[in-house]
Amino acid sequence: MAVEVISLKDVTKDYGHGRGIFDVSFDVQEGIVFGFLGPNGAGKTTAIRHIMGFSKPQKGTVRVNQLDSWIYASQIQQNLGYLPGEIALPEHVTGAAFLQMMKKLRGMETDVYLHELLDYFELDCQGAIKRMSLGEKRKLAIVAAFMHDPAILVLDEPTSGLDPIMQKRFIQFIQKEKARGKTILLSSHMFSEVEATCDDIAIIKDGVVVATFDVAQLKETLPKKFQLQMQDEEALVQLQLHVKEVASIEEINGTEMLVSVPRQHLTSFIQRLASHQIEKFHEIPFRLESYFMKFYER
Ligand SMILES: Nc1ncnc2c1ncn2[C@@H]1O[C@H](COP(=O)(O)OP(=O)(O)OP(=O)(O)O)[C@@H](O)[C@H]1O
Ligand SMILES: [Mg+2]
């Protein structure tokens, strides 16, 4: 049975002038990676701050492991790792001293995992935080969020500020943490990262959740896209006439065309292709990006 680890029900925080979040509801099931997407100012950080119990909803409830996140904030945070979108670290201490402080605060007994994380993200934390680069500070915050090996992770734009190698490494890290049974909610603007990690997705726009998806299910139900090339334009016209009932033609360019085929017509489409002389044929792989961009348009 699915267990809801994070659950928002009709959560509203109205900052006035149409800003804030309005009746936001979604559930994050145990053991999945949940992607929270939406344009700048859509309300992701606001919703995340409510999950963390930093902000009291004007209406609705947020629960983490069935506990109200406003009332039980400190209890919840013991088994939760949080990476803020805007990190605020103490500037006058070294990274190592900061991590030791966090270790004490959390009553951690061992730092084996902490050292693994420092190695994995290639972070030298001996220097003062104020002299660290943006990316180094982000890495330090990532290590601090994961060091106590919590079961739940809430990550607000985790890869922002990381270089491409580290972004990739972070994606692999999320996949590993998921395999270890963690429940992870992450907000992101990076479709590639979301595509590589997320099982479920919610899209928020102007403070309202406009869509939620199960990614695997979405991939299975969307039409398939194919690029075809024929010997000459006449052959293309013949093919076009033959498949037009089972496919929609999205683009024609000389002897090439791009078609979109609904799942229920896939067999029939392939059967029709068989009677034509085809030069080139390939499937255009599903990309979240092309599908999700429409939610970003104003
Ligand atoms: N403390 C606050 N007081 C007033 N308005 C706020 C406050 N915090 C956020 N807002 C407004 O609420 C809206 C949502 O902001 P939020 O930070 O949640 O967006 P976001 O989805 O995280 O955006 P981004 O992708 O840029 O991080 C914005 O219009 C913002 O200006
Ligand atoms: Mg934000």
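**Salt bridges and nonpolar cores in a predicted model**

User: In this predicted model, which residue's side chain meets that of glutamate 91 in a salt bridge?

Analyst: In this predicted model, the salt bridge made by the side chain of glutamate 91 has an N to O distance of 3.7 Å, which lies within the 4 Å that a salt bridge requires. The side chain that meets glutamate 91 in this way belongs to lysine 137.

User: How many residues apart in sequence are the parts that glutamate 91 and lysine 137 tie together?

Analyst: Glutamate 91 sits in the loop between strand 6 (80-83) and helix 3 (95-105), whereas lysine 137 belongs to helix 5 (residues 134-146). Because the two partners lie in these separate elements, the pair ties together parts whose distance in sequence is 46 residues.

User: Is lysine 59, which forms a salt bridge with aspartate 23, buried, partly exposed or exposed?

Analyst: The closest N and O atoms of lysine 59 and aspartate 23 are 2.3 Å apart, and the pair ties together parts that are 36 residues apart in sequence, because lysine 59 lies in strand 4 (residues 59-64) and aspartate 23 in strand 2 (residues 19-29). Aspartate 23 has 41% relative accessibility and counts as partly exposed. For lysine 59 the relative accessibility is 43%, and since buried means under 20% and exposed over 50%, lysine 59 counts as partly exposed.

User: Where does glutamate 245, the salt-bridge partner of arginine 272, lie in the chain?

Analyst: The side chains of arginine 272 and glutamate 245 meet at 3.5 Å, N to O, and glutamate 245 counts as exposed at 57% relative accessibility. Arginine 272 is part of helix 10 (residues 266-273), so the pair ties together parts that are 27 residues apart in sequence. Glutamate 245 itself lies in the loop between helix 9 (233-243) and strand 12 (248-253).

User: Which helix gives the most residues to the largest nonpolar core?

Analyst: The largest nonpolar core has 51 residues, and those with the most contacts inside it are Leu99, Phe146, Ile201 and Phe292. One helix contributes 7 residues to this core, and that helix, which gives the most, is helix 5.

User: Why does this core lie between domain 1 and domain 2?

Analyst: Domain 1 covers 4-219 and domain 2 covers 222-296. Isoleucine 201, one of the residues with the most contacts inside the core, touches residues including Val194, Phe213, Leu288 and Phe292. The core lies between the domains because residues are given to it by both domain 1 and domain 2.

Methods
Residues numbered from 1 in each chain as written. Chains lettered and ligands numbered in written order. Predicted model: local features only at pLDDT ≥ 70, side-chain atom pairs only at ≥ 80, totals over all residues. Heavy atoms only, no water. Helix = DSSP H or I, 4+ residues; strand = E, 2+ residues; numbered from the N terminus. Buried < 20%, exposed > 50% of the residue type's maximum accessible area, 1.4 Å probe, protein only. Core = buried A, V, L, I, M, F, W, Y, C linked by side-chain atoms within 4.5 Å. Domains from an automatic or database assignment. Contact = heavy atoms within 4.5 Å. Lists of a residue's contacts leave out its neighbours within four places in sequence.
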